[in-house]
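Student: I would like a close look at a single part of this protein, one helix and the stretch that follows, and then at whatever connects with that stretch. Could you take me through it in one connected answer?

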Amino acid sequence: MALRRIFKTLQVSANSGIQKKFCHTSPAVFGAKKMVTSNLGNRNSCLTKSLNGSCTNSRYEDMARCASRAKEALDRGFKFRIPFNVTPGSKQIRATIKIDEMAQTLREFGGTVLANACGQLDRNDVKKGEKNTILNSHNRKEVAMSKFDTKPLPYEILEKRLKIVADRLGRPLTLTEKILYSHLDDPVGQSIERGVSYLKLRPDRVAMQDATAQMAMLQFISSGLPKVAVPSTIHCDHLIEAQVGGVEDLKRAKELNEEVYNFLKTASARYGVGFWHPGSGIIHQIILENYAFPGLLMVGTDSHTPNGGGLGGLCIGVGGADAVDVMADIPWELKCPKVIGVRLTGKMTGWTTPKDVILKVADILTVKGGTGAVIEYHGPGVDNISCTGMGTICNMGAEIGATTSLFPFNHRMADYLKATSRADIAEEAAKYSKPLLTPDNGCQYDQLIELDLTTLEPHVNGPFTPDLAHPISKLGNNAKKSDWPVEIKVGLIGSCTNSSYEDMARCATIAKEALDHGRKSKIPFNVTPGSEQIRATIERDGIAQTLREFGGTVLANACGPCIGQWDRKDVKKGEKNTIVSSYNRNFTGRNDANAATHAFVTSPELVTALAIEGRLDFDPTKDSIKGADGKEFKLSNPFGDELPAKGFDPGQDTYQAPPADGSAVSAVVDPKSNRLQLLEPFKPWDGKDLVDLTILIKVKGKCTTDHISAAGPWLKYRGHLDNISNNMFLTATNADNNEMNKVKNQCTGEWGSVPDTARAYKAEGISWVVFGDENYGEGSSREHAALEPRHLGGLAIIVKSFARIHETNLKKQGLLALTFDDTKDYDKVQPDDKVSLVGLDEFTPGKPLTCILRHNDGTCEEILLNHTFNTQQIQWFKSGSALNRMKQLAATMGNP
């Protein structure tokens, strides 16, 4: 009877597959009821496990009372009959109870003293599905981070960490700061200054897409670690080429990429990573549907990882080496970002959509205006945007160089969480909304942009850059003045940016209205569902069929043409033409490897409308269309359900969970493979200055990661460093001759391709350097753009300015990422100069390096080069790479 009065029995949702009863009680009860079989008055009357401690009951007093009861039981010859876990609340508590011999008493009583942490229960004492009861002194029912995870939401510990930092800083905090600082590895001692400090963070999870996951997992394998330390997933979305249609293209991709998929699948099982099979959908849509939650800190090996900001998470694109750090349980380093606030007021009407918000912000900030900053949306206008609409805005924030973007938690996010079977997460988030998931009143932004949604006009941005904005009312005239092809050849909707149910539903209403008047798309019209769940739901609700009747081809649930996976046949290479898409990126040759394609990005609604007339000078907000009967009609304002009335149809199950123990699984790489290659460590710095380096190429103008390491057909070599290095700098413009992929071998005087020339230098033992322009390395997170130069003999990249992710990737691979102290010094560099970087024995944070340019005529010029290396990053350079440094530390300390 006493037990029944003390225990509060709660039924807990069995996310782990174990049907269990949680009994919450005081720590002292554990000592009092030592060896009992408890009678709880229900079917699960026998205790099978007991847990003591946690953030709720892990004080010295708690441990002392338990040890006292345990000592009493031991003196009478009793001890605990079931597993008994003890969690000290801190390092101090652990040390004190050891000194005072409490820990030893609890061990003798049958206890296991766990780490000083919240803890995750990796049980092997019962089978999945077996009913059982556990007793704990924890404070509440735990809600898992996702239906695929057992790790609980971290809100309690985040709130405690945040309070430490907030008390230290003594000022109102932005939402960005709340999420970042609550994930600090050392909230007490961490130096915090926006734009200056390097933060050491503990992200909640890692996400990887198949093209970048290959190199990330190869690096993780090289680390020698047995299993990932945080929840991690791999998503197969990049290797499916759009040719005919979804079913056929997916089948072909599985056949062509069988070796890679098998490697990723087995590596996932071996190292504890969740695996989403090809056809499951685009990584960012899968994350939004299953893993993102308000307050999340996640890193992803794709530049559009910020999509998760639509659900209130701080989701940041990184290179594979950064992902390896997190998976290896090493604090992840990020330069403390500045925060740009975008205050939204008013309400969108007519043809204006969430996509227009980011298209306008890109116009304001340009492709590098967000570098080193997080874009934080706030204000009364936020509540007028759907959760997936917020995801669209955050997704394309990558195009302005932002570290990431995010929105505060609100009812639109809660609605989406409930619609995707995560009502429990919505409930938990609501409890922490004010302290953790919304910005403080009076918080200060480094820059503030005001945007009135009521007056915001629909936009179309491009060509060749995502920040060249045109209101739809001016697009036609601007195209004619600039001699851009006005006739549109292809319209494309979907991608990770705009493939939600709401997007597809609104496009279907436009298509339906056109069909009712006997009209359909005048041009090829491609539709990319964002996930298997979206595909299945729009098929069930008739949306996909309407889009097919409109003239659309429904492609596979994958990236497809957005990343250049498009076997386009309607125009020849070099033929000047225009395409319009709802994608996020439109660099030269990005979608179809044709430098003459003028690619414009806009909302899926405008793409659908423009496809009816097939011209850039059609404005659906005011222009009429002639129906099949000869009568003119004007399209109605788009509308569609934000969420499906019948709920989502999950479609086919495409997820593979990792086994509890994957040590018996082999992830084998065939030495003869041309798709996969185990990595060899890069050579460490020899301790000497870098003297008389040869210039491989002086790049002129825009140089994105697409220019450095092209995607499209090269994606198949993303797991083979030597083979993919044959695409290095193929489309970068050489300042020496204004041509692409044509450089002079300074040893032989012969002209050749950039990769061939680099290989020739490497064969002769000649190290080289690259010079570049502004915002070098913008675009994708692909670390191949850093790995390839390192692999082929490069030692330094010297430019006017860097994009954030690429600069970090260069540092991770042991390259010197340097910037001109005076950008005019770029003009002093001659293609046949010999370059020396001196003073490396005094390479320290904040101290410029000296560069000596020795010209062909024998004269020399000395210039200063700046850098952002901190002490740890300098060690990466000296060790040859961050991975080398990790191995060194593992060898000396026993762990990374």
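**Helix α22 and its surroundings**

Tutor: In this predicted model, helix α22, which spans residues 604-613, is mostly covered, with nine of its ten residues buried. Those buried residues are Pro604, Glu605, Leu606, Val607, Thr608, Ala609, Leu610, Ala611 and Ile612, and buried here stands for a relative accessible area under 20%. Just after the helix, Gly614 takes a positive phi of about 70°.

The loop that lies between α22 and β25 (625-626) holds Asp617, whose side chain meets that of Lys480 in a salt bridge, at 3.3 Å from N to O. Because Lys480 belongs to helix α18 (residues 472-481) while Asp617 sits in that loop, the pair ties together parts that are 137 residues apart in sequence. Both partners can be placed on the accessibility scale: Lys480 is partly exposed, with a relative accessible area of 48%, and Asp617 is likewise partly exposed, with a value of 27%.

This contact belongs to a wider set, for the structure holds 41 salt bridges. One of them joins the side chains of Glu450 and Arg343, at 3.6 Å from N to O; since Glu450 lies in strand β17 (residues 447-452) and Arg343 in strand β14 (residues 338-345), this pair ties together parts that are 107 residues apart in sequence. Arg343 itself is partly exposed, with a relative accessible area of 31%. Another salt bridge brings together the side chains of Glu487 and Lys489, with 3.8 Å from N to O, and here Glu487 counts as partly exposed at 45% relative accessibility, while Lys489 is partly exposed at 26%. There is also a network of salt bridges, in which Arg171, Glu177, Arg194 and Asp446 are linked.

For a buried element of another kind, turn to strand β11 (residues 297-300), where Leu297 and Val299 point one way, Met298 and Gly300 point the other way, and all are buried. In a regular strand the side chains alternate between the two faces of the sheet. Strand β11 pairs in the parallel sense with strand β8 (residues 205-209) over three bridges, with Val206 standing opposite Val299. Four bridges join β11 to strand β12 (residues 314-317), and these two strands also run parallel; there, Met298 stands opposite Cys315.

Conventions:
Residues numbered from 1 in each chain as written. Predicted model: local features only at pLDDT ≥ 70, side-chain atom pairs only at ≥ 80, totals over all residues. Heavy atoms only, no water. Buried < 20%, exposed > 50% of the residue type's maximum accessible area, 1.4 Å probe, protein only. Pairing = 2+ DSSP bridges. Salt bridge = Lys/Arg side-chain N within 4 Å of Asp/Glu carboxyl O.
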